[in-house]
Amino acid sequence: MTPDLVVFDCDGVLVATEGPMFDIFAASITAHGLPVTAHQLATEFMGGTTPIMRNEAIRRGAALPPDWVETMNTEIHARIAQGVDVFDGVLDLITALEGAGVPIYVASNGTMKRMGLSLGPSGLWDRLSGRIMSRETFAAKPDPAMIQHAMGQTGARASHSFMIDDSAPGCQAGVNA
């Protein structure tokens, strides 16, 4: 069966950004009074949003400043601009899907700026231009809005559409769509 549509998550699926991001989050939350590891945060918040992580860290006792989300975005963008790897096989898979005429979209709870920084050097940002969606324009996953948009744009049947994600919210968005 040839799929009608394949929707990829970005961080942790196309590019190896999650390790550096969770290192930055853990260092900051720990510095603000709540000792945590990158592994703990990845286990609890993979696929979530920075505001959700902020709210939970504050609930647990971290004294995060009001501009914490913006500060984290700045630090993460600076780190990703230093370079991150595209996962082995991703470019070949995208080429094969394109060769088979399968529409490809990206649906991320991250920001467009972060995706531009992480996908740009490999050419994926330009290659998938117009088919990259974020929580800045659509409801965050697990809400199915991004996937439903891609299905609507392509006429894809839900039963022949696939969401490739490494997080519970992303997989749930696929099921919800």
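Start by selecting Cys10 and Cys171 in this predicted model. The sulfur of Cys10 has its closest cysteine sulfur in Cys171, 15 Å off, and that is too far for a bond. A disulfide is a covalent bond between the sulfur atoms of two cysteines. How many disulfides does the structure hold? Zero.

While you have them selected, check the surroundings. Cys10 is buried, with a relative accessible area of 0%. Cys171, on the other hand, is partly exposed, at 38%.

Now show the strands. Four of them make an open sheet with parallel pairing, in the order 3-2-1-4. Click on strand 3 (132–134) and strand 4 (161–164): these are the edges, and each has a single partner strand, so one side of each has no neighbour in the sheet. On average, neighbouring strands here are turned by 20° against each other, ignoring direction.

Next, pick strand 1 (residues 5–8) and strand 2 (residues 104–108), a parallel pair held over three bridges. Zoom in on Val6 and you'll find its bridge partner in strand 2, Ile104. Add helix 6 (residues 112–119), which packs on the sheet and touches strand 2 and strand 3. The helix direction makes about 140° with that of strand 3.

Hop over to strand 4, which runs parallel to strand 1 and is joined to it by four bridges. Look for Phe8: opposite, in strand 4, stands Ile164.

Last stop: turn on the side chains of strand 4. Which ones are buried? Ser161 and Met163, which point to one face, are buried. Phe162 and Ile164 point to the other face and are not buried.

How values were computed: Residues numbered from 1 in each chain as written. Predicted model: local features only at pLDDT ≥ 70, side-chain atom pairs only at ≥ 80, totals over all residues. Heavy atoms only, no water. Pairing = 2+ DSSP bridges. Helix = DSSP H or I, 4+ residues; strand = E, 2+ residues; numbered from the N terminus. Axes fitted to C-alpha atoms, helices over the stretch in contact; angles between N-to-C directions. Contact = heavy atoms within 4.5 Å. Buried < 20%, exposed > 50% of the residue type's maximum accessible area, 1.4 Å probe, protein only. Disulfide = S-S within 2.5 Å.
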